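Trainee: I should be grateful for a close look at a single part of this model, together with an account of its surroundings.

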There are 2 protein chains.
Amino acid sequence: MKLPLGFRYASSYAGIRKVQKDDLALIVSDTPASAAGVFTQNRVAAAPVRLCQAHLKESSGVARAILINAGNANCATRTGAKVALASAKTAAKLQKLPVSQVLVASTGVIGVELDPKLITAALPAVIAGLSPDNFETVSRAIMTTDTRPKTATAELSASGGVIRIAGMTKGAGMIMPMMATTLGFVMTDAAIAPNRLRAMLREANEESFSRLSVDGDTSTNDTLLLLANGASGIKLASRDTEVFLGMLTKLLQDLAQQIARDGEGATKLITISVEGAKNRDDAARLARAIANSPLVKTAIAGSDPNWGRIICAAGNSGIAFDPAQVDIFLQGVRVCRNGLAAPFSEPDLKAKLDEKDVSIEFHIRNGGPGQTRFWTCDFTEDYIKINASYRT
Amino acid sequence: MKLPLGFRYASSYAGIRKVQKDDLALIVSDTPASAAGVFTQNRVAAAPVRLCQAHLKESSGVARAILINAGNANCATRTGAKVALASAKTAAKLQKLPVSQVLVASTGVIGVELDPKLITAALPAVIAGLSPDNFETVSRAIMTTDTRPKTATAELSASGGVIRIAGMTKGAGMIMPMMATTLGFVMTDAAIAPNRLRAMLREANEESFSRLSVDGDTSTNDTLLLLANGASGIKLASRDTEVFLGMLTKLLQDLAQQIARDGEGATKLITISVEGAKNRDDAARLARAIANSPLVKTAIAGSDPNWGRIICAAGNSGIAFDPAQVDIFLQGVRVCRNGLAAPFSEPDLKAKLDEKDVSIEFHIRNGGPGQTRFWTCDFTEDYIKINASYRT
């Protein structure tokens, strides 16, 4: 699988995080790319999020570069806006780009001043290191409590030839993206106009990053960016739009699942499927309530088929449903039928729940057409260990 | 401190829970008492909750007895409604009471059939054991994962003489009462008409049990009942209403705090104060968002003054506020001023955060008159241990 044409990547250690591990990364498109983004809905949005939004507006959805740092969220600080702008300006100047075509993203601790000199001083070396081969390196540089990098690629035989998509993401905690997740960057070499690109990103995001929660805490820095630079020489035809959107959605779902699987302390990826809700939004709210219940997540950690907690969590979603119409399946085994206990072999199901992939299906009989899938992880003692002293 | 006059209490082991520990309890008023209740808003309400609501309606707010079992929630079972009614009927028959004056409450596992014979067989012995002295014993019989009983009493020198209130509650997990908590029973010997009693319970609950969360999971069985039997011979005068309401609110807050302090795995009681919101409801939503953030709760467990997580959680509440107007105090120490880091001594504050009582103050400057307090607990590895295998 080849990466999209016309993109280069680089990273280096700028001294932002304590551990000596690359913490500054750059993604550059050789030519101006159509760009679209979705961002956190947290009322306390970080400075880089606000600058990204301003730049996308100013440039009418065109970008050349994404500058990313890990180790500091550049959020709730006195100098946040200045630091974000100074970083973007230096990156633009060194590469002779319009500053509005440089997007920025940050992840790390909140409320600690970020020294812009660390970034501006490290930038020349980062730029010198830009190469089409550093995709994987950059996916590591943006990690915080992640235990592994998260990437996905796809290829489409479109009218006129092959176009490619490659995406990377990071995040393990403070994850319940309302629009996007902590950080996600997706590149394609198809030529797609900014307006179309934006519409496709919104739709694909709705069924992927917006269906993800590790701990129910929406971050201040959520940023998902999609760049389309046309380097393949292929303009996405109308008849290929649906296939491309499907491929993009699948790629984003793949990345979202990787985040859930690598959730802080997680041992299991949980896929929650809801069927029979009034509409997609109701299905998502039901799924989210189940995904965010600490009692459901700890039961799965203990391989305990405690479906009572699942129906209880759904009952708290604010969505109306008749419990007597509910069937619940764990690992494909019906544990609840018409809202009541269904017979199943406890030891068999416990063994199945020991697997690394757990499915919860919540079906409302005689309900509406609303359905969705949602991804989360189990909740273990390690989540507590990781988070009881992250800052200090 | 004496208990309210005219109430008797009893409990015994009926074999509902595996461990041989009293699991069936009865509270009886010697004369018909005014009765009011608030209940779970979970869409999956347990059978005893529904029967309680029906009986309060049928009796126009009069009750003689509350029958409580622990070890089985009598929720999401085929026979739930029948079991609840059969239990109430037997208790009524044995004591020659109208069945609508018997209220019922259950707590324990969800989705497991409850054998009504266990209850009806044990009832004669329970009734034989009724005594004004068994208040404490009953407060132990209703416990599930609680590590200690939770009671509170108060006394008021009202016009005409002394009236008393005594309350008990239980709960350690699946706690975010939207109207009440898992179980709470409050008795007073004042004479108060059902309508007034209902209004007072609603108002007092709003500032106590509705401001409590252990894990954000609203139970299917939440029930808070208040009985006023008039055995003191004193009818609550209009001019004493406000004082009585204040006393009732304080008593319920005391019980709610006891639940938070005994939250599953908890080592610390966290009191969250919000000031400067538009109104009380907005203040409560901000406080609830902070209280339910696993990242805030784990930071407090680790004595980590990570205020960035607090402002991030508030930003997710859905309530509009200007981050630049926010001050945050931990243990009375300002850690955030105008949305930015305030200077403080890290080792001093860490030492203060090691205490068993932790306060978080979230103040919006130049804001509205909305304020409230909210109680929760820290989130430790023991919460996970307790919940990974509660059912099995």
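Mentor: The part chosen is one helix of chain B, followed outward to its sheet, the contact between the chains and the chain as a whole.

Residues are numbered from 1 along each chain as its sequence is written, and chains are lettered from A, with ligands numbered from 1, in the order in which they are written. The model is predicted, and local features need pLDDT of at least 70, side-chain atom pairs count only at pLDDT 80 or more, while totals for chains, interfaces and linings use all residues.

The helix is H9 of chain B, residues 307–315. Helices (H or I, at least four residues) and strands (E, at least two) are DSSP runs, numbered from the N terminus. Nine of the nine residues of H9(B) are buried, so this helix is largely enclosed by the rest of the structure. A residue is called buried if 20 or more other C-beta atoms lie within 10 Å of its own, exposed if 12 or fewer, and partly exposed in between, with C-beta atoms placed from the backbone. Among the buried residues of H9(B) are Trp307(B), Arg309(B), Cys312(B) and Gly315(B).

What encloses the helix? The cover over the buried residues of H9(B) includes strand E4 (102–109) of chain A. From chain B, the cover includes helix H7 (280–291), helix H8 (294–301), strand E10 (326–330), E11 and E13.

E10, E11 and E13 of chain B also belong to an open sheet of six strands, in the order E12-E11-E10-E13-E9-E14, with mixed pairing. Strands pair if DSSP finds at least two bridges between them. E12 and strand E14 (370–377) of chain B stand at the edges with a single partner strand each, so one side of each is left without a neighbour in the sheet. Within this sheet, strand E9 (residues 269–277) and strand E13 (residues 357–364) of chain B run parallel and are joined by seven bridges. Leu269(B) has Asp357(B) as its bridge partner in E13(B).

Next to the edge strand there is a backbone detail. Asn338(B) is found in the loop between strand E11 (333–337) and strand E12 (340–341) of chain B. Most residues other than glycine have a negative phi. Asn338(B), although not a glycine, has a positive phi of about 55°. With 13 other C-beta atoms within 10 Å, Asn338(B) is partly exposed.

The contact between the chains comes next. It takes 51 residues from chain A and 50 residues from chain B, where contact requires C-beta atoms, placed from the backbone, to lie within 7 Å. On the side of chain A that touches chain B, the elements giving two or more residues are helix H8 (294–301), helix H9 (307–315), strand E12 (340–341) and helix H11 (381–387) of chain A. H9(A) gives the most to this side, with six residues. The residues of this side divide into 23 nonpolar, 20 polar and eight charged; Ala, Val, Leu, Ile, Met, Phe, Trp, Tyr, Cys and Pro count as nonpolar, Asp, Glu, Lys and Arg as charged, and the others, Gly among them, as polar.

How are the two chains related? A rotation of 180° with 0.0 Å of shift along its axis superposes chain A on chain B, with an RMSD of 0.0 Å. That is the relation of a two-fold axis. Copies are superposed by least squares on the C-alpha atoms of residues with pLDDT of at least 70 in both. In chain A, the C-alpha nearest the axis belongs to Glu381(A), 2.3 Å from it. The same surface serves both copies, since 98% of the contact residues of chain A recur in chain B.

Chain A as a whole has 11 helices and 14 strands. An automatic or database assignment gives the domain bounds, and chain A is divided into domain 1 (7–261) and domain 2 (269–387). Taken over C-alpha atoms, the centres of these two domains of chain A are separated by 32 Å. Their contact takes 11 residues from domain 1 of chain A and 13 residues from domain 2 of chain A. Of the 392 residues of chain A, 60% count as buried.

Definitions and conventions: Two residues are in contact if their C-beta atoms, placed from the backbone, lie within 7 Å.
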